[in-house]
Amino acid sequence: MNILAIESSCDETAAAVVSGDPKNLDETLKLESNVVVSQIDIFKAYGGVIPEVAARSHLEAILPVVKKALKDADKTWDDIDAIAVTHTPGLLGSLLIGTLTARTLAILHNKPLYAVHHLKSHIYANWLTNDSLPEFPLIALVISGGHTQIIKMNQHNHFDIIGTTRDDAVGECFDKVAKILGLPYPGGPAIAEKAKQGDPKKYHFPHPKLTSAPRDKNQPDNPSLDFSFSGLKTAVLRTAQEIANVPISTPSGELKNLLADGQKADLAASFQKTAIDILLEKLGQALTENPDVKSIVIAGGVSANQALRKKAIQEFGEDRVFFPEPKFSGDNAAMVGASALYEIKSGVEPTDPYSLNILPRSVIS
Ligand code: KG4
Ligand code: ZN
């Protein structure tokens, strides 16, 4: 079975062809092509994503990207058995370009359409190209620009969120700290690079301990597995103001001109160490509370971080912890295709391209 997958949830326009026999996916799943057009160069100039600009850039790129994915895979529409698309979560305008393209192509070429959740796809990046595969039950740590979640999976396509952030996502925290230090967008890779020259023990930042139940009743009620990253971002800001010897009313945008290069490197290294320690402490706690877990899967843009990978392997063992190949940590459509194939294996039915289900959730509610 050949799936044409589309991803456009943030600032990457991506399409891929992924093939596999749903009855025997672990052995047959194969990446036939993978095309990603990134808008990073546009948003470097602004220091972050502008949703309206992102949507317009998706509109320009999406059809050539789909065409290239088919060409690279050496497939025509006759070879494609189904279309998969990210339908939520993400930026509304960006998601609309992907979902409207996918539903139009599904209607035009008479193909079944699968609407796939972005975070599930990040998890399934671990089934794409790795030699060995995770075993169930497993715990997934999904760390991206918009989410920080601990998810237990007892089987394929079964997701139980057992921990989540109460405020900022960890990737967002990397991006905002990078901005304070005057490092380019996206902040994650820039912080990781700067941290190499700094002392991770120079500054001590707090590790939040949550004890109260979440205000949102839909969130999991286990404070010990929840995250909070907004305080860490503020702690970096206050330390930067202190070492620059300026009052706390000094705007964060001015600090990059007041800090020495070595101070920036020490702040980046100490921040990165704290963020990684917080993530891995909570992950360790989740493992203690779920002793049946066989594998740990780390996914999402922040999972590209090499210091995090090293420490996770040290703590949990190379055989037990899984990461996607680094190029599949960030947003791509190959993971959407893999996720859709495992949905099909689990008996999920396609979505009617004319129904509201295909639209991003925020359009419906
Ligand atoms: O999964 P992703 O590509 O998009 C979302 O679904 O949000 O994640 C993007 C996030 C950004 O916040 C980016 O700064 C972060 O992943 N990121 C990293 C690294 N590479 C990307 N964070 C830390 N270290 C990295 N090497
Ligand atoms: Zn993502």
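**Exercise 1. Determine which atoms coordinate the zinc ion (ligand 2), and describe where the donor residues sit in the chain.**

Solution. In this predicted model, the zinc ion (ligand 2) is coordinated by NE2 of His118, NE2 of His122 and an OD atom of Asp331, at 2.0 to 2.1 Å. Reading these donors along the chain gives the spacing H-x3-H-x208-D. The two histidines, His118 and His122, both belong to helix H5, which covers residues 118–124, and they stand 4 residues apart, about one turn of the helix. As for accessibility, the cut-off for a buried residue is a relative accessible area under 20%. His118 has 7% and therefore counts as buried, and His122 has 1%, so that His122 counts as buried too.

**Exercise 2. Decide whether Ser94 is buried or exposed, and identify the backbone oxygen that its side chain reaches.**

Solution. Begin with the location: Ser94 is part of helix H4, which comprises residues 92–109. Its relative accessible area is 0%, and Ser94 is therefore buried. Next, consider the polar partner, which is the backbone oxygen of Cys10, reached by the side chain of Ser94 at 3.2 Å. Finally, when neighbours within four places in sequence are set aside, the residues in contact with Ser94 are Ser8, Ser9, Cys10, Ala54, Ala55 and His58.

**Exercise 3. Work out the strand order of the open sheet of 5 strands, and find which helix packs on the sheet.**

Solution. The order is E8-E7-E6-E9-E10, and the pairing is mixed. The edges are formed by strand E8 (160–164) and strand E10 (321–322), each of which pairs on one side only. Within the sheet, strand E6 (residues 138–143) and strand E9 (residues 295–299) run in the parallel sense and share 5 bridges; in one of these pairings, Leu141 has Ile298 of E9 as its bridge partner. The packing helix is H10 (residues 261–289), which touches E6, strand E7 (148–153), E8 and E9, and whose direction makes about 160 degrees with that of E6.

**Exercise 4. Compare the radius of gyration of the protein chain with that of a compact globule, and characterise the fold as a whole.**

Solution. For 365 residues, a compact globule would have a radius of gyration near 21 Å, and because the protein chain has 21 Å, the two agree. The C-alpha atoms fill a box of roughly 65 × 45 × 40 Å along the principal axes. The chain contains 13 helices and 10 strands, and 54% of its 365 residues count as buried. Turning to contacts between residues at least 6 apart in sequence, 73% of them join residues at least 24 apart.

Note on methods. Residues are numbered from 1 along each chain as its sequence is written. Chains are lettered from A and ligands numbered from 1 in the order in which they are written. This is a predicted model: local features need pLDDT of at least 70, side-chain atom pairs count only at pLDDT 80 or more; totals for chains, interfaces and linings use all residues. Side-chain values use heavy atoms; hydrogens and water are left out. Buried means under 20% relative accessible area, exposed over 50%, partly exposed in between (1.4 Å probe, protein chains only). A polar contact is a pair of N or O atoms within 3.5 Å; within protein, one must be able to donate a hydrogen and the other to accept it, and residues adjacent in sequence count only if both atoms are side-chain atoms. Contact means heavy atoms within 4.5 Å. Donors are N, O and S atoms within 2.8 Å of the metal (3.2 Å for Na, K and Ca); water is not among the atoms, so sites may look incomplete. Two strands pair if DSSP finds at least two bridges between them. Axes are lines fitted to C-alpha atoms, for helices over the stretch in contact, and angles run from 0 to 180 degrees between N-to-C directions. The radius of gyration is taken over C-alpha atoms; the globule rule is 2.2 Å times the number of residues to the power 0.38.
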